[in-house]
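Here are a few exercises to work through with the model open beside you. Try each one before you read its solution.

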Amino acid sequence: MKNLCILGSTGSIGVSTLDVVRRFPDRFRVRSLTAGRNAKKLAEQAAEAKPERIAITDKDAYAELKSHLNGWRGEVLAGPEALCELAEEQESDYVVSAIVGAAGLLPTLSALKKGKQVGIANKEPLVMAGPLMIAAAKQGGSTILPIDSEHSAVFQSARAGNHGELRRIVLTASGGPFRTATKEKMAAATKADALNHPTWSMGAKITIDSATLMNKALEIIEAHFLFDVPYERIEVWVHPQSIVHALVEFADRSVVAQLGLPDMRLPIQYALTWPDRLDGALPELPLERMASLAFEAPDRSRFPTLDFAYEAGRKGGTAPAVLNAANEQAVALFLEDRIKFTKIFDLVGGALSAHRVQPMDDLDTVLAADRWAREHVRKTVEA
Ligand SMILES: NC(=O)c1ccc[n+]([C@@H]2O[C@H](COP(=O)([O-])OP(=O)(O)OC[C@H]3O[C@@H](n4cnc5c(N)ncnc54)[C@H](OP(=O)(O)O)[C@@H]3O)[C@@H](O)[C@H]2O)c1
């Protein structure tokens with residue numbers, strides 16, 4: 001029996017994780033759940049999953065959370081520190097990292113340092129502080145299991161050979177809602193246009209990241225750190241059907257890929273049950289869905305985000321943290337209707353160019369770079 005801490009249980013990945021957990025009552029117990037500020041949903045989840053402890057980051061939502069808790073008698077915590085407390089407590093063996101953005105960095109790092117198994121969906125901390133996260137996992141004796149569908153696909157496919165035989169990783173991208181749009185159409189895109197993802201149903205931030213291909217940019221860096229593969233061996237191809245999630249090429253030119261429906265419950269389940277494969281009664285992949293699988297090179301002039309990732313990766317140090325923070329800030333401004341869609345590219349590229357890269361010595365350096373990038377974006381927009 002694994003005791004789970006689900007960080008970000010009220011989000012898209014958190015809800016899918018609870019769906020998977022429900023399918024295996026003999027394998028998993030929910031020890032703790034956390035949310036940002038959605039008190040009502042967290043209370044509903046607590047009533048059903050019956051964890052011992054729950055936490056809400058926004059202290060102002062604490063009273064509301066208490067008011068929704070009918071009949072459930074566990075412990076309720078509030079504030080960002082509470083997330084670290086739950087992520088590192090002895091009673092949980094497995095932490096699902098499903099918060100969105102940089103807010104997941106400290107709790108995920110806490111879990112890694114304590115040697116938990118950690119299923120990582122929350123890619124932003126790996127982008128910001130990959131070397132620190134990997135070092136913490138090694139030091140704590142923790143195992144990181146990828147939940148992102150592409151990285152789960154790489155993880156599964158790479159088992160067909162040895163690390164030294166790995167020649168190339170290809171991450172696939174749906175292409176998002178603007179795959180075939182003109183530059184003019186992208187410049188005029190509304191929030192509703194950008195949130196209208198063709199194949200995946202996800203939280204707002206990652207949906208915008210999919211529309212700019214920044215999600216794939218972050219995934220390039222995530223793959224570099226997770227699989228210890230140089231950037232020049234990580235490629236992105238657009239695959240509009242979202243059936244092939246990644247391909248791994250080996251030294252003998254054999255290519256192994258993982259296929260599945262665009263349904264996050266499959267990579268979540270694999271991350272939870274690894275190294276076993278179990279029947280969770282998920283829908284099977286109808287082979288007719290494979291009748292016309294297409295792959296095309298991404299348009300790097302309309303989507304400069306991919307080049308930003310390679311640039312940040314090549315620069316190293318604090319550059320990926322700046323890429324991530326500038327993007328988080330720009331996406332937040334777009335979601336608040338303060339900037340137009342294509343301004344996201346300018347703001348992220350501008351922050352990356354303006355930043356004086358520091359070596360990534362410690363967490364303080366990363367957090368300072370994160371603050372600098374957010375401030376740079378805010379000031380640029382105000383100006
Ligand atoms: N969705 C997918 O299909 C998918 C696929 C692959 C990878 N991922 C990655 O998984 C992560 C989560 O994505 P998502 O789509 O599930 O996001 P989401 O639906 O927006 O959910 C985010 C979760 O994080 C919580 N949260 C937000 N801000 C927080 C803060 N400051 N402190 C603590 N908790 C906070 C939210 O709580 P409230 O509900 O209370 O706001 C919610 O539980 C992202 O890093 C994303 O890139 C997602």
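**Exercise 1. Work out how the charged side chains are balanced in the protein chain.**

Start with the tally: the protein chain carries 45 positive and 48 negative side chains. Next, compare where the two sets sit: their centres lie 1 Å apart. Keep in mind that this is a predicted model.

**Exercise 2. Find out whether the radius of gyration of the protein chain agrees or disagrees with that of a compact globule.**

Step one is the expectation: for 383 residues, a compact globule would have a radius of gyration near 21 Å. Step two is the value for this chain, 20 Å, which agrees with that expectation. For the outline, the C-alpha atoms fill a box of roughly 55 × 50 × 40 Å along the principal axes.

Now look at what goes into the fold. The secondary structure comes to 16 helices and eleven strands. Of the 383 residues, 55% count as buried. Take the contacts between residues at least 6 apart in sequence: 68% of them join residues at least 24 apart. As for the outside, the chain exposes about 16,200 Å², with carbon and sulfur atoms supplying 49% of it.

**Exercise 3. Explain why Cys-5 and Cys-84 are too far apart for a bond.**

Recall what you're looking for: a disulfide is a covalent bond between the sulfur atoms of two cysteines. The cut-off for calling one is a pair of sulfur atoms within 2.5 Å. Now check the pair. The closest cysteine sulfur to that of Cys-5 is in Cys-84, 10 Å away, so the gap is too far for a bond. Turn it around and start from Cys-84: its closest cysteine sulfur is in Cys-5, again at 10 Å. A search of the whole structure finds zero disulfides.

What about burial? Cys-5 has 0% relative accessibility and counts as buried. Cys-84, at 17%, counts as buried too, because the cut-off is under 20%.

**Exercise 4. Decide whether helix α10 is largely enclosed or open, and say what covers its buried residues.**

First, count: α10 spans residues 204-212, and seven of its nine residues are buried, so the helix is largely enclosed by the rest of the structure. Second, name them: the buried ones are Lys-205, Thr-207, Ile-208, Asp-209, Ser-210, Ala-211 and Thr-212.

Third, look for the cover. It includes α6 (123-140), α9 (191-194) and α11 (214-227), along with α13 (305-315), α14 (319-335) and α15 (343-354).

Finally, step just past the end of α10: there Leu-213 takes a positive phi of about 65°.

Note on methods
Residues numbered from 1 in each chain as written. Predicted model: local features only at pLDDT ≥ 70, side-chain atom pairs only at ≥ 80, totals over all residues. Heavy atoms only, no water. Helix = DSSP H or I, 4+ residues; strand = E, 2+ residues; numbered from the N terminus. Rg over C-alpha atoms; globule rule 2.2 N^0.38 Å. Buried < 20%, exposed > 50% of the residue type's maximum accessible area, 1.4 Å probe, protein only. Contact = heavy atoms within 4.5 Å. Areas by Shrake-Rupley, 256 points an atom, 1.4 Å probe, with all protein chains shown as cover. Lys, Arg positive; Asp, Glu negative; His and termini not counted. Charge placed at Lys NZ, Arg CZ, Asp CG, Glu CD.
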